[in-house]
Amino acid sequence: MIKDLWYKNAVIYSLSVGTLMDANGDGCGDFEGLERRLDYLVGLGVTALWLMPFQPSPMRDNGYDISDYYGVDPRYGTLGDFVAFTHAAKQRGLKVLIDLVVNHTSDQHPWFQSARSDPDSPYRDWYVWSKTKPPHADSGMVFPGVQKTTWTYDRAARAWYFHRFYDFQPDLNTTHPKVQAEILKIMGFWIQLGVSGFRMDAVPFVIAEKGPEVEGEPIERFGMLREFREFLQWRQGDAIILAEANVLPRQDLEYFGADGDRMHMMFNFQVNQALFLALATGRTGRLIESLDRTRARPAVAQWAQFLRNHDELDLGRLQPEERAAVFAAFGPDPEMQLYGRGIRRRLPPMLGGDRRRLELAYSLVFTLPGTPVLRYGDEIGMGDDLSRPERECARTPMQWSDEPQGGFTKSNRPAARPISGGPYGFEHVNAAAQRQDPNSLLNWLERIIRMRKEVPEIGWGDFAVLKTGAESVLGLRYDWRNNAVLCLHNLQSEPVEIRFATGLDGEGGLLIDLLTGERSRADGKGRHTVLLEGYGYRWYRVGGLDYLLKRSEV
């Protein structure tokens, strides 16, 4: 049984240990460096940290090719350093989530090395093999254009092995009972060392049947998700799984479970893609449609809302003309695009560094139904380096100051160099300078995070879409425990005056702006008139203090 639904009103901050802070001067971020920056993160207001993979790895896919599930890659420190970090995070009230990458391993993992070397190996059936090349081997690639097949011949094994991702990432046979038991063992190990849950990578592939005979849409074994959750609840009542599952809305409840007994959280890819379409076109119709289509979820489940993450901005769920509109607005050059379906940039360059549009975008993600997820560097408006390959362009080190290497490391030969020069170089964009500027993006976002935590209605409540009379204006009202919050966002560059009713019979006469304190009173017909500047936004509490005091007397 879940003891604590902390994730319903959390603010999650995602980071890679290797690019956050280097403490020992070897040029690579480490757990000691991350521990030193915990007070900065607490000051920002985040409540949970999500760590990219840090286990031992050949690092051919940024750590998503794991060669040992029970260790820490030496470049990041030791298991002792990890425990010291989780203990320090707990002391500061921070939850820690880590990536759970169990769809596949590295081809250097001892399990695979044993499996390929001997047909009688106890690990042979832990992977997916075929004596001949399956006829559909050249379809279903996750990285088209870079990845040519999903089946590769292994000379040592004298057989073909399945890999949904790169050929150095052989898929685990996740329906095998011993593999499932091992996954539970991995989760239990890290729970014991202080983590509060997992971001599970590639969940639809984890639960899919695999084999040479599987064609088209594979059967998904959703019972596995219930087993994962039951195990976590048994080991630690408030531990969660945040699922990476880019699926259609008709499948959402299959992943959450109709009774909320499967995944605790899922990233809302539908809303994410529709949000960027809205930002590109200034029209809210598709975004409202996506919000409605993903409305249904159990009371204990939660959406994770985000703008950008460590991967490309996936636009695969948009129609071709919609995708073209987003490409034209935010990634017009081929070098900005990836796999024909996404954009590999960070948000500030996509929005031309326009502070108004950045504020609008972050205000939106903090007021959409669910829990907001930030990417490290978002808070200072970090940019990208398109000269780096594929998704590495948006995985540059954190820019702490204008010191050499952006204050990330004292080494002159870092494993990855911070962005230097240009409008997004560490000389101009860094946390130290913005900390001193009361009007900086960093200090603005800190205020927004503080305000978001003071309006739990967004995380816990039901939402209604308001009729604003303007296609460019998104109006959402959240209701929870007899309280209501109302948010407005103008997605176009021109100012617009709107008239609207709160939708609360006789109870929406007064609105108080939570960000400025300004008030709006309804006219005789119960309608409010608000002038929104270009890319303007408002967060209102409905009723205000006078109304709440009056209501409490009833």
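Let me start with one residue: Ile 288 touches Val 465 and Leu 474, leaving out residues up to four places away in sequence, where touching, or contact, means heavy atoms within 4.5 Å. Ile 288 sits in helix H11; helices here are DSSP runs of H or I with at least four residues, strands are E runs of at least two, and both are numbered from the N terminus. The C-alpha atoms of Ile 288 and Leu 275 are 9.2 Å apart, with their positions 13 residues apart along the chain.

Before I go on, a word about what we are looking at. This is a predicted model, in which local features need pLDDT of at least 70 and side-chain atom pairs count only at pLDDT 80 or more, while totals for chains, interfaces and linings use all residues. Residues are numbered from 1 along each chain as its sequence is written, and side-chain values use heavy atoms, with hydrogens and water left out.

Now the overall layout. The chain is split into domain 1 (6–103 + 177–452), domain 2 (110–162) and domain 3 (461–549), with bounds that come from an automatic or database domain assignment. Taken over C-alpha atoms, the centres of domain 1 and domain 3 lie 31 Å apart. Their contact involves 25 residues from domain 1 and 20 residues from domain 3.

How much area do domain 1 and domain 3 bury between them? About 2100 Å², and 70% of that is on carbon and sulfur atoms. Buried area here is the accessible area (1.4 Å probe) that two parts lose on being put together, summed over both. On the domain 1 side, Leu 360, Thr 367 and Met 451 lose the most area to domain 3, together 26% of what that side buries.

What about charges and polar groups? There are 0 salt bridges between domain 1 and domain 3, a salt bridge being a side-chain nitrogen of Lys or Arg within 4 Å of a carboxyl oxygen of Asp or Glu. The interface does have 7 residue pairs in polar contact, both residues at pLDDT 80 or more. A polar contact is a pair of N or O atoms within 3.5 Å; within protein, one must be able to donate a hydrogen and the other to accept it, and residues adjacent in sequence count only if both atoms are side-chain atoms.

Which elements give two or more residues to the side of domain 1 that touches domain 3? They are helix H10 (269–281), helix H11 (285–293), helix H14 (355–367) and helix H16 (441–453). H14 brings the largest share, 8 residues. By class, this side of domain 1 has 13 nonpolar, 4 polar and 8 charged residues. For those classes, Ala, Val, Leu, Ile, Met, Phe, Trp, Tyr, Cys and Pro count as nonpolar, Asp, Glu, Lys and Arg as charged, and the others, Gly among them, as polar.

Let's move to Asn 9, in the segment before strand S1 (12–15). Its side chain reaches the backbone oxygen of Lys 453 at 3.5 Å. Setting aside neighbours within four places in sequence, Asn 9 has contacts that include Thr 371, Arg 452, Pro 456 and Trp 460.

Now the sheets. Strands of a sheet pair through backbone hydrogen bonds, either parallel or antiparallel; here two strands count as paired if DSSP finds at least two bridges between them. One open sheet has 3 strands in the order S4-S6-S5, with antiparallel pairing. Strand S4 (129–130) and strand S5 (151–154) are at the edges with a single partner strand each, so one side of each has no neighbour in the sheet. S5 is joined to strand S6 (residues 159–162) by 4 bridges, and Tyr 153 has Trp 160 in S6 as its bridge partner.

Another open sheet of 3 strands runs S11-S13-S12, also with antiparallel pairing. Its edge strands are S11 (313–314) and S12 (337–338). Between S11 and strand S13 (residues 342–343) there are 2 bridges, and Asp 314 is partnered with Gly 342 in S13. In the loop between S12 and S13 we find Tyr 339, which has a positive phi of about 60° although it is not a glycine. Most residues other than glycine have a negative phi.

Last stop: the whole structure has 31 salt bridges. One of them joins Lys 210 and Asp 171, with the closest N and O atoms 3.1 Å apart. These two residues are 39 residues apart along the chain. Thanks for listening!
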